[in-house]
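Subject: Handover of a structure

Dear colleague,

Please find below the structure that I am passing on to you. An account of what was found in it follows directly after the display.

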Amino acid sequence: MKSYEATNPAQWSLEEMKQSWINWIENLVNDPESQIPGTRLILQVEENPEAKEIFLLWESLNPQDRVTKWKILLALTEEEYKNPLPACIQCGECCLRGSPTLHVDDLELLRENKIPWEYVYTLRRGEPVHNPLTGKPFFLVDERIKISEKPGTNECVFYDPKNRLCTIYENRPLQCRAQACWDISAFKQLEDIPYLTRHDIFGEIEVLMDIIAEHEKKCSFEKLHALFKLLDKNQSIANQIIELVSFESHFRSFIQKELNIPKATTKLLFGRSLENLLPLFGCKLEIDGDTKFLKVIKET
Ligand code: SF4
């Protein structure tokens, strides 16, 4: 792939010009202060009549005009970047970057099954997560309920990438309604609205709340963090981590069978399993015959 800096626009084919333009945009939106996703800027500029004409006529332009039009394209891209349309143009980047966290106002969506239970999960207190605005990692001080992501990605489970659509658009959660890449002020105002918790959902079912409390007491992230802090100094701690992780796996499958609840719902009741989250602590559980051991891996 040619770089727009290393070659001359006068010589570019339409394809090379578009690729150079996309590279230039990626560089522009790379600024940590920038909220506008590159895909959105591309879609927005592609709708600009002057840009449309440049793309349409590029192959027929003489070399000198290509250089002039290239400069115009960059200038109008920068202008669109500084003045994004104050509206969603369905670039889909928000839905690709992560699923929403639910607030108390979203409870009815769950109760009315507009968002089915199996598509939400709990992030527990102390769980390592990333800030959706800055991408920085931190440990949760309070629990959250979140819509699931597609396996191995950050993409919301309800996003249809082919048609760039939300499949629950009419019933999308509060955070999605407030989300606006051209202005994050509405998103920030959500900080005043309490997050949904398991207590809001199951508070009236005493037996479930007791089980959740027992799980928190025996299998908390505080315990896991404390053990990992000691791991470097004392290798026997690895066995305690394995015991904790194994107990937690057993706890959730035992309760699932005893209460006959769907497996997918256990991640709402008890959060994600400690075993699945071990990579966030730089290791994973391996089994060799009857022996379980912690294998150190690269931190993700
Ligand atoms: S619920 Fe809909 S709008 Fe919200 S992140 Fe998912 S796909 Fe996007």
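**Two loop residues with positive phi**

Q90 has a relative accessible area of 41%, so it counts as partly exposed. Please note that the model is a predicted one, and that every value in this message is computed from it. Q90 belongs to the loop that runs between helix 4 (63-82) and helix 5 (93-97). Its backbone deserves a remark: the phi angle of Q90 is near 55 degrees, which is a positive value in a residue other than glycine. As a general background, most residues other than glycine have a negative phi.

R164 also has a positive phi, near 50 degrees, and it too is a residue other than glycine. This residue is placed in the loop between strand 5 (159-160) and strand 6 (165-166). With a relative accessibility of 35%, R164 is partly exposed.

**The ligand and its surroundings**

Which residues are found around the ligand? They are C95, P100, C156, F158, Y159, C166, I168, P173 and C176. By type, the shell around the ligand consists of 9 nonpolar residues, with no polar and no charged ones. As for its location, the ligand sits in the second largest pocket.

**Aromatic rings**

How many aromatic pairs does a search of the whole structure find? The search returns 7. In one of them, the ring centres of F228 and F281 are 4.8 Å apart and the planes meet at 15 degrees; because planes under 30 degrees apart count as stacked, this pair is stacked. The pair links distant parts of the chain, as F228 and F281 are 53 residues apart. F228 is in helix 11 (residues 221-231), while F281 is in the loop between helix 14 (274-277) and strand 7 (283-288). Are these two residues buried or exposed? Both F228 and F281 are buried.

In addition, one aromatic cluster is formed by F247, F251 and F270.

**Charges over rings**

Two contacts between a charged end and a ring may be reported here. The charged end of R144 sits over the ring of Y195, at 3.8 Å from the ring centre. The charged end of K18 sits over the ring of F55, and here the distance to the ring centre is 4.8 Å.

**Buried residues in helices, and some distances**

W24 is a residue of helix 1 (residues 14-29). Its relative accessible area is 13%, and because buried means under 20%, W24 is buried. The C-alpha atoms of W24 and G38 are separated by 9.9 Å, and the two residues are 14 apart along the chain.

E93 is located in helix 5. The relative accessible area of E93 is 17%, so this residue is buried. Between E93 and R177 there are 14 Å from C-alpha to C-alpha, and they are 84 residues apart in sequence.

A238 is part of helix 12 (residues 237-259). A238 has a relative accessibility of 13% and therefore counts as buried. From the C-alpha atom of A238 to that of L227 the separation is 8.1 Å, with the two residues 11 apart along the chain.

Where does L268 lie? L268 is in helix 13 (residues 266-269). Since its relative accessibility is 0%, L268 counts as buried. L268 and P161 lie 26 Å apart in space, C-alpha to C-alpha, and 107 residues apart in sequence.

**Points to look at in the display**

When you open the structure, I would suggest beginning with the ligand in the second largest pocket, where the surrounding shell holds 9 nonpolar residues. The stacked rings of F228 and F281 may come next, followed by the cluster of F247, F251 and F270. The two loop residues with positive phi, Q90 and R164, could complete the tour.

With kind regards

Conventions
Residues numbered from 1 in each chain as written. Predicted model: local features only at pLDDT ≥ 70, side-chain atom pairs only at ≥ 80, totals over all residues. Heavy atoms only, no water. Near = heavy atom within 4 Å. 1 Å grid on protein atoms, 1.4 Å probe; cavity = no way out; pocket = protein on both sides within 12 Å on 5 of 7 lines; lining within 4 Å. Sits in = over half its atoms within 2 Å of the grid points. Nonpolar A, V, L, I, M, F, W, Y, C, P; charged D, E, K, R; others polar. Phe/Tyr/Trp six-rings, centres within 6.5 Å; stacked < 30°, edge-to-face > 60°. Helix = DSSP H or I, 4+ residues; strand = E, 2+ residues; numbered from the N terminus. Buried < 20%, exposed > 50% of the residue type's maximum accessible area, 1.4 Å probe, protein only. Lys NZ or Arg CZ within 6 Å of the ring centre and 35° of its normal.
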